[in-house]
Amino acid sequence: MGFLQDNGLDLQAIDAQALLETFLDEMGAGLHGEGSLPMIPSDLHLPEGAIRDAEFPAFDVGGTNIRSARVRFGSSGAPTVEGLQRGFMPGSRGHVTHAEFYRILCAVLTGNLRPGETLGYCFSYPVDEGGRLLYWTKGIQADDIVGTDVRDDLAAALAERGLPGCRVRILNDTVAALLAAYAHGGTGDYAGVVGFILGTGTNTAYAERAERIVKRPDLTPGALVPVNCESGNFARFPHSAFDEAHEHAIGTGHGQWEHCISGAHLGDLGTIVLRAAADAGLLSPGLGDTVRSRGFSNIELDDFCAGRRDDVLFCTAAEARAVRALLIPLYERAALFAAINVAAAGIASARARGRDAGVIRVNADGSTLWKTACIPFVDRVRGHLETLLGPRGYTAEILRIDDAPLIGAALAAAAR
C-alpha cells in the first residue's frame, strides 16, 4: 500500500457500479424526504413545445458571478441573449449584510427589468418550496440571508428601486441547465435528460414523475417535474482521511460530495494532502515548509500539475513529479465521482420516462468540468459514463450550451 491508499484515497478500491446503485438509492430516499439528498422539486413543469417570438428577463446568481440579460426566443424558438450585465456574487469575497447583498444584486439586474414583469431567477443555492434559503454552498458569506425568502426579498428590493409589481420565479442553476436542454432540441430522441454543474460547486437536475415524489402529494400526477437533487450533499461514499480532515476544518455538515470534486474545495483538499505528505516525511524539508506555510487554490494546483505554472511550487523536477503523484488522484477521483453523479441522474430520468435504453443527453456546465487541465477531465468523465451506463443499455451525450442558466431562467419566466 502507498501513502494515499493508507489514508483511504484508493481509486482501485472504489466499486463504481455499487456506488452508482447507492447514489440511486439515496435519490429515491430523498423523494420520500429521507437521506442525505434534499431532492427538491421545482414548481415548474417541463415545457410543452417551443417558446416563440417572445422576450423575457433573466437573472443568473452563481457561485462567483451574477449576470442579468433579456432572452429573446425567435420564430424558430432559438434563444438569443441580449443586454448582458455582469457583477461579482455578493459574499464570494467576504461577508456582506442583507442590505449589501440586495444592493449588489439590483445594481446588475435593474437595467434588464421593467415594472410588473415576471423575472426568471436562476439561484444556484438550495431553497425550499417557500423560497427560503436553506444554507449557503460554495463558501458564500452572507449569513443574514439564510432562512429568508429570497424571492420576496428580491421583489421588495426591486420595488424600492422603482421596479414595483415584479414577480420572481426562482429555479436552481441545474434546473436551468435542464430547461436549456429542452430549448435546444427537446427530448424526443433521448431516453433521458440531465442538467449537470461542476464548477465552484456541483449539482444535478432531472425530471421525475410527480407521483414518485412521495413527499409532495400536492403535485399533479403524471407530470414530469424538474428535481434539484442538491447532489453535492451525497454522503454515502468512501471518505479518505483527507476528506475527514477537510470536513472537520469546514464544519458545515453540508456538501460532503461537493467538497471532493468542486473547484471551491479541490485546492483546500490538495493542500491537506500535501501537508500530510510533508508530515509523513515524503517531501524534502524545504518543500515541506513551503506547503505548510500557505494554502493553494484549485487553479494553482491544476496549473502546476498540468505543467502550466512552475512558480506555484519552486522545487526540483523529482519533487514536482512527487507532488503530481500526490495530487492527480484527487482529480481522477473527481472525474469518477462526477460520472457516477451524472449516470445516476440519467438513469432516474430515463426510468421516469419509461425508457430502459437509449441516449441520455447531459447539458453540462462549470469551469471544473471543462477547464481542468491536469487530466483530460471531460474525456475521463465520458469514459466512466460509458463503463457505468453501457451494461445498462444507455449511452451519454455531453453537450455544453452557452448561457444555459440565463436561457433556463427565461423559460421559467415564460412558464404559466
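Which residues is Ala-373 in contact with, leaving aside its neighbours within four places in sequence? I began my entries with this residue, keeping in mind that the model is predicted.

**Entry: Ala-373.** I found Ala-373 in the loop between helix 12 (367-371) and helix 13 (377-389). Once the neighbours within four places in sequence are left aside, Ala-373 is in contact with Asp-302, Ala-306 and Arg-308. For Arg-308, which lies 65 residues away along the chain, I noted a C-alpha separation of 9.0 Å from Ala-373. I then looked up the accessibility of Ala-373, and because its relative value is 31%, which falls between the 20% limit for buried and the 50% limit for exposed, I entered the residue as partly exposed.

**Entry: the sheet.** I traced an open sheet of six strands, ordered 1-9-8-7-10-11, and recorded its pairing as mixed. Strand 1 (40-41) and strand 11 (394-399) are at the edges with a single partner strand each, so one side of each has no neighbour in the sheet. I also looked at helix 5 (residues 173-183), which packs on the sheet and touches strand 7 (192-198), strand 8, strand 9 and strand 10 (358-365), its direction making about 135° with that of strand 7. Going back to one pair in detail, I found that strand 8 (residues 202-209) and strand 9 (residues 224-228) are antiparallel to each other and joined over five bridges. Within this pair I placed Ala-205 opposite Asn-228 of strand 9.

**Entry: the nonpolar cores.** The largest nonpolar core has 81 residues, and I noted Met-27 and Ile-340 as those that touch the most other members. Helix 11 (residues 317-352) gives this core its largest share, 21 residues. I listed the contacts of Met-27, not counting residues up to four places away in sequence, and obtained Leu-37, Met-39, Tyr-206, Cys-229, Ala-344, Ala-345 and Ala-348. Another core, of 30 residues, lies apart from the largest one and includes Met-89, Tyr-125, Leu-163 and Val-168.

**Entry: helix 8 against helix 11.** I followed the axes of helix 8 (residues 263-279) and helix 11, which come within 10 Å and cross at roughly 145°, and I entered the crossing as right-handed. On the side of helix 8 the contact is made by Leu-266, Leu-269, Gly-270, Val-273, Leu-274 and Ala-277, and on the side of helix 11 by Val-323, Leu-326, Leu-327, Leu-330, Tyr-331 and Arg-333. Sorted by class, this contact has 10 nonpolar residues, one polar and one charged.

Key
Residues are numbered from 1 along each chain as its sequence is written. This is a predicted model: local features need pLDDT of at least 70, side-chain atom pairs count only at pLDDT 80 or more; totals for chains, interfaces and linings use all residues. Side-chain values use heavy atoms; hydrogens and water are left out. Two strands pair if DSSP finds at least two bridges between them. Helices (H or I, at least four residues) and strands (E, at least two) are DSSP runs, numbered from the N terminus. Contact means heavy atoms within 4.5 Å. Axes are lines fitted to C-alpha atoms, for helices over the stretch in contact, and angles run from 0 to 180 degrees between N-to-C directions. A nonpolar core is a set of buried Ala, Val, Leu, Ile, Met, Phe, Trp, Tyr and Cys residues joined through side-chain atoms within 4.5 Å. Buried means under 20% relative accessible area, exposed over 50%, partly exposed in between (1.4 Å probe, protein chains only). A crossing is left-handed if the near helix is turned anticlockwise from the far one by less than a right angle, and right-handed if clockwise. Ala, Val, Leu, Ile, Met, Phe, Trp, Tyr, Cys and Pro count as nonpolar, Asp, Glu, Lys and Arg as charged, and the others, Gly among them, as polar.
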